Amino acid sequence: GILHGTITNAYATGAVGGNSDVGGLVGYNHGGSITDAYATGDVAGIVVGGLVGYNDANGSIKNAYANGAVYGVTVTAGGLVGHNGSGGTVTNGYWDTATSGIGIGTDDNGQTVTGLTTAELTAALPSGFDASVWGNVDNRTTPYLLALTNNPQTVYIGDGSEGKFQLLFTTGQVQDINNDLSANYALANSLDAATDSSWIPLGTDGAGSVQNSSNGFAGIFDGLGHTISNLTINIDFSTVDAGLFGYSSGTIRNVGLIGGSVTGGVQVGGLAAVNEGTITDVYVTGAVSGGEEVGGLVGINGGTITDAYATGKVDGGKHVGGLVGDNLGTVKNAYATGGVSGTGDYAGGLVAYNAGTIQQSYATGEVKGTGMYIGGLLGFNEANGSVTDVYATGSVSGGSYVGGLGGGNYSLCSIT
């Protein structure tokens, strides 16, 4: 459309297509003022710009950027402004040269526009951008507007090679991940979930069914070093998949869960009930309890867990581990310090049942069980299970097959 007035503290994320004067935020800025604004959607047309198509008639643009792809059928196409007329001014304007796929656009009035790569846009706020107006999560994301937190904002992380992320500001927005389980998400800040009383584990419907064609969460969740505190999850004992994530085939990284508790039936974990993807640089400090396949971090791991720890108490029936209940994948550079208590078979300070790989990991918590295969590090190491560079220091008690390191080890597998 045509702007004659004022736009400030605004952004647009949708794709825009048209004929003449097409922009990600404004088509034709005719004497209007645009300040502290950005656009991330792809745009296509004639006289087309990532933020504004045509800027003229004393129109001004200040402290703004665009990073959407720009598709123009003439030379009047630019990463920020398609054409800046003799009456238009642009100050502290930027466009992303890596994502836009285009140059500066045509100009009749000496616009101050600078092309930066995605990595440069994330490394520091662009010159002229006020740090009380703009944020970038400690130089980790492209700029976003600090005052607009009611909805997620679209950003890139690092060099942008992983695509767009939805930047989340509230626990409600984290819960809404269930509305698009294949997208990428990041936390803008640490969150307190004390008032969230009916959490639906991400990737599931909360009643035992995995969503997204049985892939659950399939995107990237990056906490960017932030935490979620006091989240209490209580799933009916007769159902499966209790945790912040119920089922993940994607990537979860750089996040900590502090306090709170997770309670469920089968497949229960503080961070994820089931992991079939990648989990790295994470931790959980809250208590976890359930029926079987219960872990302080993950209930069942079929993927990869690296650089992770859990410190909370873990209670359950069978297959109860301080970090992971059942490991069918890889656990590396991980530890657990919380006490573990199981009323059935298979309990371990780190892992209850291992048919995968455990490397460079340890457990220090007390392990108590009443059944078979109770161990300070792991309850039972199954065929093809591999355990290397590990130790356990906690006291261990149980019914039968009880060991300071492992309760049982299949004859064809190794512990070194």
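User: What makes two rings an aromatic pair in this structure, and how many pairs are there?
Analyst: Rings of Phe, Tyr and Trp (its six-membered ring) pair if their centres lie within 6.5 Å; planes under 30 degrees apart count as stacked, over 60 as edge-to-face and the rest as tilted. By this rule there are 22 aromatic pairs. The model is predicted: local features need pLDDT of at least 70, side-chain atom pairs count only at pLDDT 80 or more, and totals for chains, interfaces and linings use all residues. Residues are numbered from 1 along each chain as its sequence is written, and side-chain values use heavy atoms, without hydrogens and water.

User: Why is the pair of tyrosine 335 and tyrosine 362 called stacked?
Analyst: The ring centres lie 4.9 Å apart and the planes differ by 5°; the limits are 6.5 Å and 30 degrees, so the pair is stacked.

User: Why does tyrosine 335 count as partly exposed?
Analyst: Buried means under 20% relative accessible area, exposed over 50%, and partly exposed in between (1.4 Å probe, protein chains only). Tyrosine 335 has 25% relative accessibility, so this residue is partly exposed. Tyrosine 362, at 24%, is partly exposed as well.

User: Why is the pair of tyrosine 373 and phenylalanine 380 called edge-to-face?
Analyst: The centres are 4.8 Å apart and the planes stand at 70°, so the pair is edge-to-face.

User: How do you know whether tyrosine 373 and phenylalanine 380 are buried or exposed?
Analyst: Tyrosine 373 has 17% relative accessibility and therefore counts as buried; phenylalanine 380, at 11%, is buried too.
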